[in-house]
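Student: I'm new to this one and would like a close look at a single part. Could you pick a small sheet and walk me through it, then show me the whole around it?

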Amino acid sequence: MNKITILWVDDEIDLLKPHILFLEGKNYEVIPCRSGQEALEELTNSKVDIVFLDENMPGISGLETLNEIKQMNASLPVVMITKSEEEFIMEEAIGSKIADYLIKPVNPNQILLSLKKNLDHSRLISEKTTSNYQQEFRKIALDLSMVKTHQEWASLYRRLIYWDMQLEEIEDAGMFEILESQKIEANNQFGKFIDRNYADWFLDPDGPTMSHTLFKDKVMPELREGPVLMLVIDNLRYDQWLAFEDTIASFFKKIKEESYYSILPTATQYARNAIFSGLTPLDMQKKYPDWWKNDTDEGGKNLFEDKFLGSQIKRLGLDIKWEYHKISSLKQGKQLSQNFKSQKNNDLTVIVYNFVDMLSHSKTEMEVIKELASNDKAYRSLTQSWFRNSPLLEIIQQAQAMQMKLIITTDHGTINVKQPSKVIGDKETSLNLRYKTGRSLTYDEKDVYVAKDPGNIHLPSINMSSSFIFAKNDLFFAYPNNYNHYVSYYRNSYQHGGVSLEEMIIPFIVLRPK
């Protein structure tokens, strides 16, 4: 391994001999210089990893030398060392993007700490993160064999997301593969948990909050304390929320971070209609047949969300002023942002924002998006980039100025599908890749959660003999006809509708304006 080379610039360099000997004993190479001019000449001839730079020197000052160094090599870390604690010197140095700032007299351990912070930082974090995950891996593996409740599953999923985002920072391929295998095992076990428990949740007072109970359980209590902006960002996974949480933190303080469970199918027409109606799909079909459409019906499936919301607000006896907006394009987002002050007298403003959903569909259909969002890390990054530059952030900033409470949630998540599962159905079978409904479905039972009687999980039947099947883990359904082409087209695309931690356990966040 090559030695790290330090260029140390100080007009009293001879007095620093003990420090230099200390560093050389730690296997660092030190090049001593007595002036800024000598340091600049040395930098043209030598490869240096870091510079220690005295601020107060005759001739070219430390700050002038710093500026010259940054022009020569902007990425070279420079640690400024000074006797002065004057604020303007600190500000000048920090403004010039120094790596660290030390006040004389410095001791050898201070120097060593600064070196490790600037040169070994990534390695030390990587080693610590890897070590911590190795310990956590054993705990998660043990917990996977013991988890029994919906609360425990939500907690375990958040732990997996945490490590997913920690390991992405250090880019340790080996550790990442271990985590991926653990996520697959978690989803396998979660699928079995859903097999055993999902149908019972609808009648269980201790069951989780689900799509059709979200408004009553979690949104309605927040309406008692002033105006609320409720954002439903379609297709938003828990990890994507975490990716742009810091951006929102500039304007809002988080007061609640919870999760709830999307109903099955984890698809917009079922889950989002359930949020706004406060009803299961089966009850929507019975109570509002003109507003509900089954998979095989013609026409848009989410055209009556505002009417569903109005009926729920009335049914709950809420005397509030409210508005609903759906944003499906940049133009619509900008228009709402420009006119957002008109919402100031509302008790509740609901915005459905469709970008993340469109992004997941674009990944399937457009090669450039496939490359930009090739994995979960890239998918998060793309979502974060969109959010920081979107009209939605402008709307959130205006909501802060108007002292509105902010709720951020979604209708369902999404999963990167990897493996095909063969299914056969008639021409009336629905088209979604993660769930199918129809008659005479043929499928591999180990791959699916089955509802032979859809009414048992509060879903409507298209006809008397219809059933539903839901793909588990990262599977997607493929027909035998033109199988290879179909599989290669959809593999590694983001889909929703099935049974997975990513699709079913989704964020519900409440924030107060700062």
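**A three-stranded sheet**

Tutor: Let's start with one pair of residues: Ala 451 has Phe 468, in strand S16, as its bridge partner. Keep in mind that this is a predicted model. That bridge belongs to a longer match, since strand S15 and strand S16 (residues 467-471) run antiparallel to each other and are joined over 4 bridges.

Now step back to the sheet itself. It's an open one with 3 strands, and if you read across it you meet S13, then S16, then S15, with antiparallel pairing. The two strands at the edges are S13, covering 435-438, and S15, covering 448-451; each has a single partner strand, so one side of each has no neighbour in the sheet. Going from one strand to the next, the twist averages 15 degrees.

So much for the sheet; here's the protein around it. In total the protein has 20 helices and 19 strands. Its C-alpha atoms fill a box of roughly 95 × 55 × 40 Å along the principal axes. There are 514 residues, and 53% of them count as buried. If you take the contacts with a separation of 6 or more, 74% are between residues 24 or more positions apart.

Finally, look at the outside and the charges. The protein exposes about 23,800 Å², with carbon and sulfur atoms supplying 49% of that area. As for charged side chains, you'll find 60 positive and 72 negative ones, and the centres of these two sets are 6 Å apart.

Conventions:
Residues numbered from 1 in each chain as written. Predicted model: local features only at pLDDT ≥ 70, side-chain atom pairs only at ≥ 80, totals over all residues. Heavy atoms only, no water. Pairing = 2+ DSSP bridges. Axes fitted to C-alpha atoms, helices over the stretch in contact; angles between N-to-C directions. Buried < 20%, exposed > 50% of the residue type's maximum accessible area, 1.4 Å probe, protein only. Contact = heavy atoms within 4.5 Å. Areas by Shrake-Rupley, 256 points an atom, 1.4 Å probe, with all protein chains shown as cover. Lys, Arg positive; Asp, Glu negative; His and termini not counted. Charge placed at Lys NZ, Arg CZ, Asp CG, Glu CD.
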